[in-house]
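Work through the exercises below with the sequence and the structure at hand. Each task is followed by its solution.

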Amino acid sequence: MQAMKPRCLFQSSIVALAIHFAALAGPVPVIYSTDLLHPHDDPDDHYDLATLFALSEFEIKGIVLDLGERQAQRCGKPALEQMFAITGRKVPWATGLAKPLKTKHDDARDQPTESQGGVELILSTLRHAREPVLIFTTGSCRDVAAAFNREPDLLRQKVRALYINIGRGPNEEQDEWNVKLDQSSYLRLFESGLPLFWCPCFGTNGYQTLFVVDQSKVVGACVRPVQNYFVYCLTKAKSDPIDFLRTGPHPVPTGPRNMWCTAPMLHASGRRIYERGPSEYVALPVEKAREAQLSDKELNLFEFEPIRAELLGKPNDPFVQHKPSNPNARVFRTVNPRYGEIMANCLEHLLANLGRPEAEPR
Ligand SMILES: [Ca+2]
């Protein structure tokens, strides 16, 4: 197979972004796809799952546990059950396709029946949704691309935004973990015509979502059951996941942890970032920030630039940047040199509120 890369042409109009923000008022129905496993490949997925549940604007319609072949051995179910117990919510979930798509147009109907749950969950959720749904992927794009290949019109009609945390930024030719998981599905989404919010994991000139947190700060600020959720993951525990939430205290995990999906998830939720005090940053809904008289303390850390993304047929073709009048996607870009430090502090405050009574916010 030819290793095609998406070609990105830039566009300066902000009209599309204005429409996006207007469409995101109120609760945000979301389908979440994650390559979360227990024992984990990378525990950043556990931090992202906690972030998803900490953002109360999200009406979580379904969760796809990506990479069916790995889920069969190391299912991420314990983390889901723990999060349901901590928040008192319950969300439909299913494991995803077992193998990579063979081509960009593969609908994966020939894959094992037991790995069809993810695609079916996406399609049934969209079919029954009264308003368009946001899709957010943090691993491969496999189940979303297969769903698109089966019912492209349904996705065009019912997907309000598709955030993919994957790849390297424009003009970057090296491989990236999530792309390698399923390259065909990644490329497929660039030509789908869906409202794509591309969040490159790595890249130059600000085109990367990566930042680093100090686990002891983030986990240390959480309530005990949430701390235990992280300890259970990081120690690859084998005991009952729900009983474990009530144990401890355990030593708080330490050391750095690479994170990628937090800023895109805040954007998808409609939250903005504010400076609440000296070196203290919080991500809040606009109306909550207004109530707290923080509106004039908003910080701009990143933006989504409109681009024209096209696939090139040759493996090593460079990306080409232009400014056409018809963007079909947007790409994440940091615009503040303090992005990493401020995001880490926001995540700490956000997860500190997870599982804590609403009347006692941090
Ligand atoms: Ca992941």
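**Exercise 1.** Which residue is the bridge partner of L134 in β6?

Solution. The model is a predicted one. Start with the strands: β5 covers residues 133–137 and pairs with β6 in the parallel sense. There are 5 bridges over this pairing. Within it, L134 has A161 of β6 as its bridge partner.

**Exercise 2.** Find the strand that 4 bridges join to β6, and state how many residues of β6 are buried.

Solution. The strand is β7, residues 196–199, and it runs parallel to β6. One of the residue pairs is I164 with its bridge partner W198 in β7. As for burial, β6 spans residues 159–165, and 6 of its 7 residues are buried. The strand is thus mostly covered.

**Exercise 3.** Decide whether helix α2 is enclosed or open, and give the reason.

Solution. Take residues 44–54 and count the buried ones, where buried requires 20 or more other C-beta atoms within 10 Å of the residue's own. The count is 10 of 11, so α2 is largely enclosed by the rest of the structure. Among the buried residues are D45, H46, Y47 and F53.

**Exercise 4.** Describe how α5 packs against α6.

Solution. First, the geometry: α5 (residues 117–128) and α6 (residues 142–150) have axes 9 Å apart, at an angle of about 60 degrees. The two helices are therefore oblique to each other. Their crossing is right-handed. Next, the contact: α5 contributes G118, V119, I122 and L123, while α6 contributes D143, V144, A146, A147 and R150. Last, the residue classes of this contact are 6 nonpolar, 1 polar and 2 charged.

Notes
Residues numbered from 1 in each chain as written. Predicted model: local features only at pLDDT ≥ 70, side-chain atom pairs only at ≥ 80, totals over all residues. Buried ≥ 20, exposed ≤ 12 C-beta atoms within 10 Å, placed from the backbone. Pairing = 2+ DSSP bridges. Axes fitted to C-alpha atoms, helices over the stretch in contact; angles between N-to-C directions. Parallel < 35°, antiparallel > 145°, perpendicular 65-115°, else oblique. Left-handed = near helix turned anticlockwise from the far one by under 90°. Contact = placed C-beta atoms within 7 Å. Nonpolar A, V, L, I, M, F, W, Y, C, P; charged D, E, K, R; others polar.
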